[in-house]
Structure formats: structure tokens, C-alpha cells
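Subject: Structure handover

Hello,

Here is the structure for you to take over. My notes on it follow below.

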Amino acid sequence: MSNSEFTVLLVEDDDDIRLSLRDYLKAKGFSVLVSSDGVGAIKILLDSKIDVIVSDYRMDIFGGDYWVRFLHTFCPDIDVIITSGYLRPDFKVPYPVVYKPFDYAELAAMIADIRDKKLER
């Protein structure tokens, strides 16, 4: 599976982060779909095959614990990476958390690792 066949859903309410990270991941060859909130992400999940979700934790519209619980309950077969500038390391989330500000290259490497593990299955 090449990067272009591996689809990332990026859910981030901060326009600057969402658009610059989208561009960065596309430049790395990934197919990237974006949403600014959980509601828009659900629409994309219904219409598209998603391999990994990279999502901010705290968003005004359907974010936080409800969004994480939704993903855990209704998207158990999709890998998820949570990004956050607000979560404390002792707060339990069932997914890997990348704390803001983060290095886009490190996040891209995490996504590539998920892709590679899927190839091994």
C-alpha cells in the first residue's frame, strides 16, 4: 500500500494547523481528508474509507470525551492518533496522544508506522 492509497482523516478546529498539516502530509504522499469538527468527520467516515484518524481532542463542536468515546465505540477498526494542547499526560485516552506543539515529521512517521503495520497483517 503506497502513501497515496492510505487515507488520513485529519480532524482539527484550528485552521492554521489543519491546513498546514494537510499540506505537509500530502507532500509526503498521503491522501488526506479534513474536517474542522467531529460532526463533519462523521460525514466523511460515512462516505470514505479511512485508514487512520488524526484528531484534535478539544473542539467546540463534538470534541473531547464524547468524540473519543464515539471513535472507540463506532470506529474500532480505524487507528486513531489524538493531538492536544490541553490534555494532561495522566488523563486516560484509549489512543496515542501527541501533545501540541508537535513536529509534523514525527506525526508523519507515526502514520507511516501504522500504514506499515497494516501491510504486515
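Lys49 has a relative accessibility of 59% and therefore counts as exposed. Please keep in mind throughout that this is a predicted model.

Salt bridges

Lys49 has a partner in Asp51: the two form a salt bridge, with 2.5 Å between the closest N and O atoms. Asp51 is buried, its relative accessible area being 2%. This pair therefore joins an exposed Lys49 to a buried Asp51.

The count of salt bridges comes to 7. Another one is between Arg18 and Asp15, at 2.6 Å from N to O. Both residues belong to helix H1 (residues 15-27), where they are 3 residues apart, about one turn of the helix. An α-helix has 3.6 residues a turn, so residues three or four places apart point the same way. Arg18 is buried, at 10% relative accessible area, while Asp15 is partly exposed at 42%.

Arg115 and Asp116 also meet through their side chains in a salt bridge, at 2.8 Å from N to O. Here Arg115 counts as buried, with 13% relative accessibility, and Asp116 is partly exposed, with 31%. In addition, Glu12, Asp56 and Lys100 are linked in a network of salt bridges.

Asp37

Side chains of opposite charge can pair when their charged atoms come close. What, then, is the nearest side chain of opposite charge to Asp37? It is that of Lys43, which is 7.4 Å away, and Asp37 has no salt bridge. A salt bridge requires the nitrogen and the carboxyl oxygen to be within 4 Å, so the distance of 7.4 Å to Lys43 does not qualify. Asp37 is nevertheless buried, because its relative accessibility is 14% and the limit for buried is under 20%.

Asp37 sits in the loop between strand S2 (31-35) and helix H2 (38-47). At the start of H2, one of its side-chain oxygens comes within 3.0 Å of the backbone nitrogen of Val39. Apart from neighbours within four places in sequence, Asp37 is in contact with Val11, Met59 and Ile61. Its C-alpha atom is 9.6 Å from that of Leu10, a residue 27 places away along the chain.

Helix H2

Which residues of H2 are buried? They are Gly38, Gly40, Ala41, Ile44 and Leu45. These residues span an arc of only 155 degrees around the axis, so they are on the same side of H2. The other side of H2 has Lys43, Leu46 and Asp47 exposed. Lys43, the nearest side chain of opposite charge to Asp37, is thus one of the exposed residues of this helix. The cover over the buried residues of H2 includes S1, S2, S3 and H3.

Helix H3

H3 covers residues 64-74, and its buried residues are Gly64, Trp67, Val68, Phe70 and Leu71. Their arc around the axis is only 155 degrees, which puts them on the same side of H3. Tyr66, Thr73 and Phe74 are exposed on the face of H3 turned away from that buried side. The buried residues of H3 pack against strand S1 (7-11), H2, strand S3 (52-56) and strand S4 (79-84).

Nonpolar cores

In soluble globular proteins, nonpolar side chains tend to be buried together. In this model the largest nonpolar core has 20 residues. Leu9, Leu45, Ile53, Trp67, Leu71 and Ile82 are those with the most contacts inside it. S1, H2, H3 and S4 are the elements that give two or more residues to this core. Which of them gives the largest share? It is H3, with 4 residues.

Leu71 is one of the residues with the most contacts inside that core. Leaving aside neighbours within four places in sequence, Leu71 is in contact with Ile53, Pro76, Val80 and Tyr95. There is also a second, separate core of 17 residues, which includes Val8, Leu10, Phe30 and Val52.

Regards

Methods:
Residues numbered from 1 in each chain as written. Predicted model: local features only at pLDDT ≥ 70, side-chain atom pairs only at ≥ 80, totals over all residues. Heavy atoms only, no water. Buried < 20%, exposed > 50% of the residue type's maximum accessible area, 1.4 Å probe, protein only. Lys, Arg positive; Asp, Glu negative; His and termini not counted. Contact = heavy atoms within 4.5 Å. Arc of directions from axis to C-beta. Core = buried A, V, L, I, M, F, W, Y, C linked by side-chain atoms within 4.5 Å. Polar contact = N/O pair within 3.5 Å; in protein donor to acceptor, adjacent residues only side chain to side chain.
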